[in-house]
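Work through the following exercises with the sequence and the model side by side, and try each task before reading its solution.

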Amino acid sequence: MKTEKTKVHFTDSYLINPSNPICLNLIGAGGTGSKVLTALLEMNHSLIELGHAGLQVRLWDDDIVTTANLGRQRFAESETGLYKS
C-alpha cells in the first residue's frame, strides 16, 4: 500500500510570466524591514535579468533615520533626519 502523497505545487501563471511587475507593500524599514528591502532589491535584479517583469515595491514607514539606526540598518550618515521610506 502506497502511503506517500503525490507532491503538487500550484503557482498562478501571473507570478511566473507577468506582463507587469509584481506589486508588494513593505511595512516598516527598521531592523528587519531594511534587510527585507535589500533582499527584494536583489530578487528584483535577478528576475529582470531572467526576463521577468520584476517587482514594484512600496515602502511604508513614517519614522525618521537617527544615528542609532546607522549601525544596524541600511542607511547612510547623510540620510540622518530623513524619513526611512
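The exercises below treat strand pairing, a salt bridge, a surface patch and several polar contacts in turn.

The model is predicted, with local features requiring pLDDT of at least 70 and side-chain atom pairs counting only at pLDDT 80 or more, while totals for chains, interfaces and linings use all residues. Residues are numbered from 1 along each chain as its sequence is written, and side-chain values use heavy atoms, with hydrogens and water left out.

**Exercise 1. Strand pairing**

Task: Determine how strand E1 runs relative to E2, and describe the path of the chain from one to the other.

Solution: Begin with the elements, bearing in mind that helices (H or I, at least four residues) and strands (E, at least two) are DSSP runs numbered from the N terminus. Strand E1 covers residues 22–27, and six bridges join E1 to E2 in a parallel arrangement; two strands are taken to pair if DSSP finds at least two bridges between them. Next follow the connection, in which the chain leaves E1, passes through helix H2 (residues 31–49) and enters E2, giving a right-handed β-α-β crossover. Right-handed here signifies that, with the strands pointing away from the viewer, the path from the first strand over the helix to the second runs clockwise. Finally, place individual partners: Cys23 has Gln56 in E2 as its bridge partner, and Leu24 stands opposite Val57 in E2. As background for inspecting such neighbours, side chains in a regular strand alternate between the two faces of the sheet.

**Exercise 2. The salt bridge**

Task: Find which side chains meet in a salt bridge, and decide whether each partner is buried, partly exposed or exposed.

Solution: First apply the criterion, which asks for a side-chain nitrogen of Lys or Arg within 4 Å of a carboxyl oxygen of Asp or Glu. The structure holds one such bridge, formed by the side chains of Asp63 and Lys84 at 3.3 Å from N to O. The pair links distant parts of the chain, with both residues in the segment after strand E2 (55–60) and 21 residues apart. Then classify the partners, where buried means under 20% relative accessible area, exposed over 50%, and partly exposed in between (1.4 Å probe, protein chains only). Asp63 counts as partly exposed because its relative accessibility is 38%, whereas Lys84 counts as buried because its value is 8%. As a last step, look from Lys84 to Gly30, which is 54 residues away in sequence but 8.0 Å away in space, C-alpha to C-alpha.

**Exercise 3. A nonpolar surface patch**

Task: Identify which residues make the nonpolar surface patch, and state how Ile16 is classified.

Solution: A patch is built from residues with over 30% relative accessible area and no salt bridge, like charges being joined within 9 Å and nonpolar side chains (Val, Leu, Ile, Met, Phe, Trp, Tyr) within 5 Å. Tyr14, Leu15 and Ile16 make a patch of about 280 Å², with accessible areas coming from the Shrake-Rupley method with a 1.4 Å probe and only the protein chains shown counting as cover for residues. Ile16 belongs to helix H1 (residues 13–16), and Ile16 counts as partly exposed because its relative accessibility is 48%.

**Exercise 4. Polar contacts**

Task: For His52, Ser34 and Thr11, name what each side chain reaches or contacts.

Solution: A polar contact is a pair of N or O atoms within 3.5 Å; within protein, one must be able to donate a hydrogen and the other to accept it, and residues adjacent in sequence count only if both atoms are side-chain atoms. Start with His52 in the loop between H2 and E2, which is buried at 15% relative accessibility and whose side chain reaches the backbone nitrogen of Gly54 at 2.9 Å. Continue with Ser34 in helix H2, buried with a relative accessible area of 4%, whose side chain reaches the backbone oxygen of Gly31 at 3.5 Å. End with Thr11 in the segment before H1, partly exposed at 38%, whose side chain makes a polar contact with the side chain of His9 at 2.9 Å.
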